[in-house]
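Hi everyone, thanks for coming. I'd like to walk you through a structure that may be new to you, so let's put it up on the screen.

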Amino acid sequence: MSNPASVEHASPALPLRATRPARGLTGRLRVAGDKSISHRALMFGALAVGRTEITGLLEGEDVLRTAAAMRALGATVERLGEGHWQVAGRGIGGLLEPADVLDMGNSGTGARLIAGLIAGHPIFAVLTGDASLRSRPMKRVMDPLSASGARFTSRTGGRLPLAIEGAAEPLPLDYRLPVASAQVKSAVLLAGLCARGTTRVEEPEATRDHTENMLRHFGATVRVEHQGHGRIIELEGQPELTAAPVHVPADPSSAAFPLAAALLVPGSSLTVEGVGLNPLRTGLFTTLREMGADLVVTNERLEGGELVGDITATHGPLRGVDVPGERAPSMIDEYPILAVAAAFASGTSRFRGLKELRVKESDRLAATVALLAANGVTAEVEGDDLILRRDGRPPAGGGFVTTHMDHRIAMSALVLGLASEAPVTVDDGRFIDTSFPGFAALMNGAAGGSPIGPVE
Ligand SMILES: O=C(O)C1=C[C@@H](OP(=O)(O)O)[C@@H](O)[C@H](O)C1
Ligand SMILES: C=C(OP(=O)(O)O)C(=O)O
């Protein structure tokens, strides 16, 4: 999806290398806050009346872009301490026209949800992003939001930069999602907040429901009806959203990396604390258990209204697994690290229905195949399925992996390098900061050394 030659970043590329540590990963740690919930906490805070206090906010680059965009749209956003933020909102319909272009960096969630917010306000704004985000499809939000009365102008094919003229009196939408996407669902619901009447979204497959949950938490009326694998969501427009405290749980998509490393590196037993266990996010953990992984959840509890638990992963053998396509939305960001785990398993693994991986920060299907190939592992793509046939022996490693501005490809390759025979190098670790600042330090702490570090 992206052309590494056109990377724009304030600092130069940061090649990183992962080497098998002298001993396994052990102890207890906490990963950063959930990215999806962090974006939404800032956005709903900006739309609510009053002051929303957020704890555990992910201070990754994607979320910091959203914080800056909320400021540019007129909200007061303050950082009170580490992960502790306060947003003074403007009320539904109260966002102001930004003075400048909104640069969402590497973040699809930021760009698409904010397109929904702007569509419902009588303001003009231009959204852009880095080379990766500028290559990602935006028509998926432009199409439904145009029906609400908003107007969009973009580069050919519906890519950023995108100019948006929001609707003065947005119409409520009735929309059936053509792709399983929580971002598209959320963009439609955010525009629907400003419309009179009921906005209805039908999703053929259930996707993460953080928008629906947080809308209710802030006082909106949301009805959800289950229909087979899918859902119908109805939102009453123009509610009074009232500021409400948000505690952000640890991100299961980030916890995936240390947990997978512990499963793969001999001698490991590692606990990640306070991980969000929303069932629409935990497909990876279900799948790893089907592979025979020793993954135990303890201390399940509610933290700030979200189900969380401590997850302990202990090294052991894995077997191949067949993952049904309908599970994909609940683990959509976890396929690169799952493919790494499958490279250590014995038997055949088939992951079905991965079309959406082609339009993430990179073409993750191609990037995952290349990541594995560089390290001696053959994986095939058949239609939209990814297939690995393995014998349980660790991959050779020793490869150089091009990460294509994709944080999850970078972290997956480094986890592979912690457990493969020879070290693995990635071309650029900077994008890890979009979702998981402090990744290398945390992994090194658990390994009791510096198995992940810059290339000398
Ligand atoms: O709504 C969200 O917060 C997200 C939805 C998913 O994207 P899609 O909606 O494109 O599947 C996911 O890949 C992304 O990391 C976060
Ligand atoms: C796909 C992802 O994020 P986004 O779409 O927000 O860029 C991700 O974090 O893996």
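One term before we start: a residue is called buried when its relative accessible area is under 20%. Keep in mind, too, that this is a predicted model. With that cut-off, 60% of the 456 residues in the protein chain are buried.

Now the overall picture. The chain is built from 13 helices and 24 strands. Its radius of gyration is 21 Å, close to the 23 Å that the globule rule gives for 456 residues, so the chain is as compact as a globular protein of that length. Along the principal axes, the C-alpha atoms fill a box of roughly 60 × 45 × 45 Å.

How do the contacts run along the sequence? Taking contacts between residues at least 6 apart, 76% join residues at least 24 apart.

On the outside, the protein chain exposes about 16000 Å², and carbon and sulfur atoms supply 50% of that area. As for charge, there are 44 positive and 51 negative side chains, with the centres of the two sets 2 Å apart.

Let's zoom in on one helix, α11, which covers residues 364–373. Which of its residues are buried? They are R364, L365, A367, T368, L371 and L372. These residues lie on the same side of α11, because they cover an arc of only 165° around the axis.

And what do they pack against? The partners are two helices, α10 (335–343) and α12 (407–419), along with the strands β20 (379–382), β21 (385–391) and β22 (400–401).

That's my tour, and I'm happy to go back to any part of it.

Note on methods. Residues numbered from 1 in each chain as written. Chains lettered and ligands numbered in written order. Predicted model: local features only at pLDDT ≥ 70, side-chain atom pairs only at ≥ 80, totals over all residues. Heavy atoms only, no water. Helix = DSSP H or I, 4+ residues; strand = E, 2+ residues; numbered from the N terminus. Rg over C-alpha atoms; globule rule 2.2 N^0.38 Å. Buried < 20%, exposed > 50% of the residue type's maximum accessible area, 1.4 Å probe, protein only. Contact = heavy atoms within 4.5 Å. Areas by Shrake-Rupley, 256 points an atom, 1.4 Å probe, with all protein chains shown as cover. Lys, Arg positive; Asp, Glu negative; His and termini not counted. Charge placed at Lys NZ, Arg CZ, Asp CG, Glu CD. Arc of directions from axis to C-beta.
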